[in-house]
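Colleague: Thanks for sitting down with me. Could you take me through the labels you put on this model and tell me what each one rests on?

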Amino acid sequence: MKESLPLLPTSVIGSHAIPSWFYTALEAIEAGKYGKTDKRELYDDAVSIAIRDMERAGLDVISDGEMRRWHFVQSFYEKMEGIEPEEPLRRVGLYAYDSVPRYRLRERVTVPRGLGVVEEFKHLKTQTDKPVKATCPGPLTVTIHLRDSSVREFYRDRLELFWEFAEVVNQELKDLVKAGADYIQLDEPSFAIIPGELKEYLDLYNRCVEGVDARIAFHICFGNLGSRPRGKREYGPMISYLLDAKCDEYVLEFANREMHELEICRELSRERDIGVGVIDIKSFYRETPSDVADRIRAALEYIPPEKLWIVPDCGFFQLPRWITVQKLRNMVAGTRIVREELTGSPD
Ligand SMILES: [Zn+2]
């Protein structure tokens, strides 16, 4: 699919901004005011808006905005069986990592009908002619709200649970390919968040993508709930492990770290492409096209142009829609400036 794209292809990480009316509708659902058809229309409309915003911004590869997911991973727990909700640790004040729902296990967890990513993808394909990217969280990230103490009641340790979910993710990705996906991104921000053995985490990642016949992107970031990071914001200690990842592209955040560590891209781009985050999705500051062009030129110091993809740092679900749209447009405009410098044409 890359062959059909311009130099410096532009894309997103996955999630789009959530419009105000969508929050109101979710409150109505919570209050029992929506029927099945109302809900379907709501989610389909939200996906349509996300797609149109991305198309109008001029992105080369789009997503469905992950509009059917809630706070990146929370809706996946509805797909799991054998768990029950627990009270959040904190219910008052700002919504952050200690406010999220938690689940305890009643038995070993199963995901009998898959994670639902395939259904999201199939709908997306009916709504756009643009190249699309399907996104799926990895086993560390998708299980992050399962309480450790209850995991240990039914599993030897958390790693055993992760390995079972690696199979679930692997099946989901293979089903995505069957449904026509040729570009899939695995999201594993928890690489930087859950303490543990990076070598084993990498083995888990590689199991997820084993036998998946598509272009594979590997997104690692440092967390974005409430626009806050959760992990130590450094890729440096992970590099030797990342080099063993079976992927065609790394997708990494740089903009909110003022492009810190760009030099790691020299080694990472020897055999893979790199999606470099040039838009800070945690800031209300709207990068100008000129800011974006400067960041791309900085990345080009370390990455050959034919291996560089232009993306935001992470998903947009924690920013308002009006800012998101402007950021996307300016990302594309900045990319066109550098593309013209390199090729003589902005397209
Ligand atoms: Zn991210």
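Colleague: Which residue is the bridge partner of Ile 274 in E8?

Modeller: Leu 308 of E8 is the bridge partner of Ile 274. Bear in mind throughout that this is a predicted model.

Colleague: What makes E7 and E8 a pair?

Modeller: Two strands pair if at least two bridges are found between them. E7 and E8 have five bridges, in the parallel sense, so they count as paired.

Colleague: And how do you know that E4 and E5 pair?

Modeller: By the same kind of count. Strand E4 (residues 183-187) and strand E5 (residues 215-220) are joined in the parallel sense over five bridges, and the requirement is at least two. One of the links runs from Ile 184 to Ile 216 in E5.

Colleague: Where do these strands sit in the sheet, and why are E3 and E8 called edges?

Modeller: The sheet is open and has six strands in the order E3-E4-E5-E6-E7-E8, with parallel pairing. Strand E3 (134-137) and strand E8 (308-312) each have a single partner strand, so one side of each has no neighbour in the sheet. From one strand to the next, the twist averages 25 degrees.

Colleague: What makes E8 largely enclosed?

Modeller: Five of the five residues of E8 are buried, so the rest of the structure largely encloses it. Leu 308, Ile 310 and Pro 312 are buried on one side, and Trp 309 and Val 311 are buried on the other. That split fits a general pattern: in a regular strand the side chains alternate between the two faces of the sheet.

Colleague: Which helix lies across E7 and E8?

Modeller: Helix H11 (residues 321-343) lies across strand E7 (273-279) and E8, and runs at about 160 degrees to E8.

Colleague: At the other edge, why is Cys 136 called buried?

Modeller: Cys 136 lies in strand E3. The label needs 20 or more other C-beta atoms within 10 Å; Cys 136 has 26 such neighbours, so it counts as buried. Apart from neighbours within four places in sequence, its contacts include Leu 115, Val 117, Val 169, Glu 172, Leu 173 and Ile 184.

Colleague: Let's turn to the helices. Why is H6 called roughly parallel to H7?

Modeller: Helix H6 (residues 158-178) and helix H7 (residues 198-209) pack at about 25 degrees, with their axes 7 Å apart. Angles under 35 degrees count as roughly parallel, so H6 is roughly parallel to H7. The crossing of H6 past H7 is right-handed. Among the residues making the contact are Phe 162, Trp 163 and Leu 173 of H6 and Leu 204, Arg 207 and Cys 208 of H7. By class, the residues of this contact are nine nonpolar, one polar and two charged.

Colleague: And what makes H3 roughly parallel to H6?

Modeller: Helix H3 (residues 117-127) packs with H6 at an angle of about 20 degrees, their axes 9 Å apart. With the limit at under 35 degrees, H3 is also described as roughly parallel to H6. H3 passes H6 in a right-handed crossing. Val 117, Val 118 and Phe 121 of H3 meet Glu 172, Asp 175 and Leu 176 of H6. Four of the residues in this contact are nonpolar, none is polar and two are charged.

Colleague: How do you know whether Phe 222 is buried or exposed?

Modeller: Phe 222 lies in the loop between E5 and helix H8 (239-242). Buried means 20 or more other C-beta atoms within 10 Å, and Phe 222 has 21, so it is buried. Its contacts beyond four places in sequence include Pro 189, Ala 192, Pro 229 and Glu 253. The C-alpha atoms of Phe 222 and Asp 313 are separated by 9.9 Å, though the two residues are 91 apart along the chain.

Colleague: Why is Met 259 called partly exposed?

Modeller: Met 259 is in the loop between strand E6 (249-252) and helix H9 (264-268). Residues between the limits of 12 or fewer for exposed and 20 or more for buried are partly exposed; Met 259 has 15 C-beta neighbours inside 10 Å, so it gets that label.

Colleague: What is there to say about phi at Met 259?

Modeller: Phi of Met 259 is near 65 degrees, a positive value in a residue other than glycine. Most residues other than glycine have a negative phi. Leu 8 has a positive phi too, near 55 degrees. Leu 8 is in the segment before helix H1 (20-30), and with 23 other C-beta atoms within 10 Å it is buried.

Definitions and conventions:
Residues numbered from 1 in each chain as written. Predicted model: local features only at pLDDT ≥ 70, side-chain atom pairs only at ≥ 80, totals over all residues. Axes fitted to C-alpha atoms, helices over the stretch in contact; angles between N-to-C directions. Helix = DSSP H or I, 4+ residues; strand = E, 2+ residues; numbered from the N terminus. Parallel < 35°, antiparallel > 145°, perpendicular 65-115°, else oblique. Left-handed = near helix turned anticlockwise from the far one by under 90°. Contact = placed C-beta atoms within 7 Å. Nonpolar A, V, L, I, M, F, W, Y, C, P; charged D, E, K, R; others polar.
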